[in-house]
Amino acid sequence: MTDDYIKKSPNAGRIGTAVEHLVAASCILASNAELNVSTSMVDDEGVDLVFHRRGSPTTLAVQVKARLADTSTAQRGRFMAFVRTATFAPRPGLHMLFVLVDRPTATIQRAWFVPSDDFARLARPTKQGTLRFFASSKADTGDQWSEWATEFSALPARILDESERLSALA
């Protein structure tokens, strides 16, 4: 299996961007516009979305890694993604968001919202200079990533909570 997702499909970049916008729009709507989201014009620092709570200067950077539910890995109840170490710098205001997307319904089936420090500690390095995230997409599996697994409907509240926590630290 190749570590370079872009090589898997000529549509990978397009799908990734679409999922980022799906996440952003869904979080704005589900939070009753309490969350606002900015996107990066250039993604060379590993940040896809920047969330902030209305009326608060605190921001939360998020790198999104999406996989489609109709892939063979996902069909076996697994989720795998790779993060380039060249663009990954763990810090308190950065989270990794891994999402499993059902393409026909444009819905997110499963998500993992992982603080970057925890991701750096637990992700497996590869020979290709990436960090590997490998989790079970089944509920209640108890794998090392289950602490951060969430139904997508709960994600906006988790982002708001993390924003509040970061505000208290500032």
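**Exercise 1. Work out what share of the chain's contacts between residues at least 6 apart in sequence join residues at least 24 apart.**

Step 1: Keep in mind that this is a predicted model. Two residues are in contact when heavy atoms lie within 4.5 Å.

Step 2: Take the contacts between residues at least 6 apart in sequence, then pick out those joining residues at least 24 apart. That gives 58%.

**Exercise 2. List the helices and strands in order, then find how the chain's radius of gyration sits beside the globule rule.**

Step 1: Count the elements: the chain has 5 helices and 9 strands.

Step 2: Walk along from the N terminus, and you read α-α-β-β-β-α-β-β-β-α-β-β-β-α.

Step 3: Now for the radius of gyration. It comes to 15 Å, close to the 15 Å the globule rule gives for 170 residues, so the chain is as compact as a globular protein of that length.

Step 4: For the overall extent, draw a box along the principal axes: the C-alpha atoms fill roughly 45 × 35 × 35 Å.

**Exercise 3. Find how much of the chain is buried and what its exposed surface is made of.**

Step 1: Buried means under 20% relative accessible area. By that cut-off, 45% of the 170 residues are buried.

Step 2: Turn to the outside. The chain exposes about 9,100 Å², and 52% of that comes from carbon and sulfur atoms.

Step 3: While you're at it, look at the charges. There are 20 positive and 19 negative ones, and their mean positions are 7 Å apart.

**Exercise 4. Describe strand β8 and its partners.**

Step 1: Locate β8 at residues 130-136 and check burial. Of its 7 residues, 5 are buried, so the strand is largely enclosed by the rest of the structure.

Step 2: Look for one partner, β4 (residues 78-84). This strand runs antiparallel to β8, with 7 bridges between the two. One place to see the pairing is F79, whose bridge partner in β8 is A135.

Step 3: Now try β7 (residues 124-125), which pairs with β8 in the antiparallel sense too, over 2 bridges. Here R124 is bridged to R132 of β8.

Step 4: Follow the chain from β7 to β8. They make a hairpin with 4 residues in between, and G129 in the turn has a positive phi of about 80°.

**Exercise 5. Decide whether T87 is buried or exposed, and name its contacts beyond four places in sequence.**

Step 1: Find T87 in the loop between β4 and β5 (94-102).

Step 2: Apply the cut-off. T87 has 13% relative accessibility, so it counts as buried.

Step 3: Skip the neighbours within four places in sequence. T87 then touches D44, E45, G46 and Q63.

Note on methods: Residues are numbered from 1 along each chain as its sequence is written. This is a predicted model: local features need pLDDT of at least 70, side-chain atom pairs count only at pLDDT 80 or more; totals for chains, interfaces and linings use all residues. Side-chain values use heavy atoms; hydrogens and water are left out. The radius of gyration is taken over C-alpha atoms; the globule rule is 2.2 Å times the number of residues to the power 0.38. Buried means under 20% relative accessible area, exposed over 50%, partly exposed in between (1.4 Å probe, protein chains only). Accessible areas come from the Shrake-Rupley method with a 1.4 Å probe; for residues, only the protein chains shown count as cover. Lys and Arg count as positive and Asp and Glu as negative; His and the chain ends are not counted. The place of a charge is taken as NZ of Lys, CZ of Arg, CG of Asp or CD of Glu. Two strands pair if DSSP finds at least two bridges between them.
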